[in-house]
Amino acid sequence: MSTAADREEPAMAEQADVIVIGMGPGGESAAGQLAQAGLTVVGIEKNLVGGECPYYACIPTKMMVRAADALAEARRVPGLAGGSEVRADFAPVAKRIRDEATDSWDDAVAVERFEKAGGHFVRGTARVTGFRTVTVGDREFEASRAILINTGTDPAVPPIEGLADTPFWTNREIVAVTQAPESMLVLGGGAVGLELAQAFSRFGTRVTVLEAAERILSPEEPESSALVAEVFADEGIDVHTGAAAESVTHDDAGFSVRAAGTELKAERLLVAAGRRTNLDGLGLGSIGVDTTKHTLETDPQMRIAEGVYAVGDITGHGAFTHMSMYEAGIGAAHILGDETVAAEYRAVPRVTFTDPEVGAVGLTEKQAREQGVSVATAVSQIPDSTRGWIQKSGNRGFIKLVADAERRILVGATSAGPAGGEVLSMLTLAVHERTPLARLRDMVYAYPTFHRAIEDAVKKLPEELT
Ligand SMILES: Cc1cc2nc3c(=O)[nH]c(=O)nc-3n(C[C@H](O)[C@H](O)[C@H](O)COP(=O)(O)OP(=O)(O)OC[C@H]3O[C@@H](n4cnc5c(N)ncnc54)[C@H](O)[C@@H]3O)c2cc1C
């Protein structure tokens, strides 16, 4: 007769109020809020608490951009303030990323912060097995209130002949480099590829960007694409559009990429060709969720099923840290019993941190027309504003307004230029609050600021709208 000790007893599920799967910016923030509110929260992370943003994405890449912009500003001294001699060195950037941003890719501080807030941290890969149950290896967890999923994305690696067998970089590797390569091919002319292309070019790397679409920064306004292409051409960054990479080889001399009938060579290859959501193997079929789609469909309270919430890149509302944290706030509030919360997406801001920065909010002109909006647009140029004229070198940019002519409000806007992402803030508020165009025309804009170009653009809209 077997005893309880030698029988294969199923392990008891560990109990919690909420289980958070994936602790990217959204998961970490929701888990912290819920733990601080007194709930028992199990937070599960397979890699680093904080996710992509602090260790491989926003923060390290913006440290590179900040340093590269300092080099560009120093090179602008001639013609404005005398002479300058610039000697670029990537070592301080690499050190800052290692020491200040990522703690050498160690999340001990973030784990401790979560545990101090009262959370229970589990390192491992989680799998949903039911509406309330999750496994991590041979441990099982049961949630009395909710499961919140924030599994984010991995770099997408396109199925290009030969690519998979080469030592290419994605954002995960490039943030750890200690010196700028002599030359680099960048696959992808979106925000990530363009920011890194310009940053490394300013450190002396000879950069070539390959973009399969007809223009770089293709989700944004055509004026934004043209502006960045023009600046890149002036800075000596080679941009090939309509150029899908067909095959890749690598040998001791570096990479060779075949695209649009030409062979391009470089020491390094950066793949910045979009993201792949981490939904495979998550077990969502067990709760009846369609697992063939790239993103999860959420209701306004961020639920994909009763008691199961999803936030961040996996929801497809914009792959930005601010979106992940916004959705986390909605989901956490709803789990805590606030029935009034509901996500709104009409004023989603986004910034491409090239120089000039390209900030945008809401709909582009094309999107507005596709949605049947009666569209009116206006564009003002930053160099034509007093501040832009004073700025002189490095002053390129524009403001574009996309107005709904019937409702006489803005439904979208672009702010490109020096500090374009900061200037964007009042446009975000205007789209969010549906501020009447007449109010934007009546208000006072400080002189001489870059944001006065917004007033110039408002005045260019048809008079009857303002
Ligand atoms: C190079 C680059 C630069 C960027 N710059 C900006 C920027 O300037 N501003 C901005 O707003 N956004 C930027 N982004 C986007 C930003 O990084 C993401 O939108 C942000 O990280 C939010 O993602 P998330 O919350 O969905 O999850 P992620 O950050 O992707 O984190 C998800 C976490 O879930 C974990 N995980 C996955 N599956 C499991 C599982 N089964 N079990 C346990 N854990 C799991 C992963 O290990 C990961 O830590 C950038 C992205 C890149 C690639």
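Ala, Val, Leu, Ile, Met, Phe, Trp, Tyr, Cys and Pro count here as nonpolar, Asp, Glu, Lys and Arg as charged, and the others, Gly among them, as polar. All views are of a predicted model.

**View A. Residues around the ligand.** By these classes, the shell around the ligand holds 14 nonpolar, 17 polar and five charged residues. Of the 36 residues in the surroundings of the ligand, those that come nearest are Gly22, Gly24, Gly51, Gly152 and Gly312. At least two residues of the shell are supplied by each of α1 (25-36), β2 (41-45), α2 (52-56), α3 (58-75) and α9 (321-335).

**View B. Helix α8 and its packing.** Helix α8 (residues 222-235) has 14 residues, which at 1.5 Å a residue should span 20 Å, and its end C-alpha atoms are indeed 20 Å apart. Buried residues in α8 are Ser224, Ser225, Leu227, Val228, Ala229 and Phe232, and the buried residues of this helix pack against α7 (191-202), β10 (238-240), β19 (357-362), β21 (398-404) and β22 (409-417). Just after α8, Gly236 adopts a positive phi of about 85°.

**View C. Surroundings of Val257.** Val257, in strand β12 (residues 254-259), is buried because 26 other C-beta atoms lie within 10 Å, where 20 or more are required. Apart from neighbours within four places in sequence, Val257 is in contact with Leu185, Leu210, Ala245, Val248, Leu264 and Leu269.

**View D. Domain arrangement.** The chain is divided into domain 1 (14-50 + 107-153 + 277-335), domain 2 (163-273) and domain 3 (349-465). Taken over C-alpha atoms, the centres of domain 1 and domain 2 are separated by 34 Å.

Methods
Residues numbered from 1 in each chain as written. Predicted model: local features only at pLDDT ≥ 70, side-chain atom pairs only at ≥ 80, totals over all residues. Near = placed C-beta within 6 Å. Helix = DSSP H or I, 4+ residues; strand = E, 2+ residues; numbered from the N terminus. Expected span 1.5 Å × (residues − 1). Buried ≥ 20, exposed ≤ 12 C-beta atoms within 10 Å, placed from the backbone. Contact = placed C-beta atoms within 7 Å. Domains from an automatic or database assignment.
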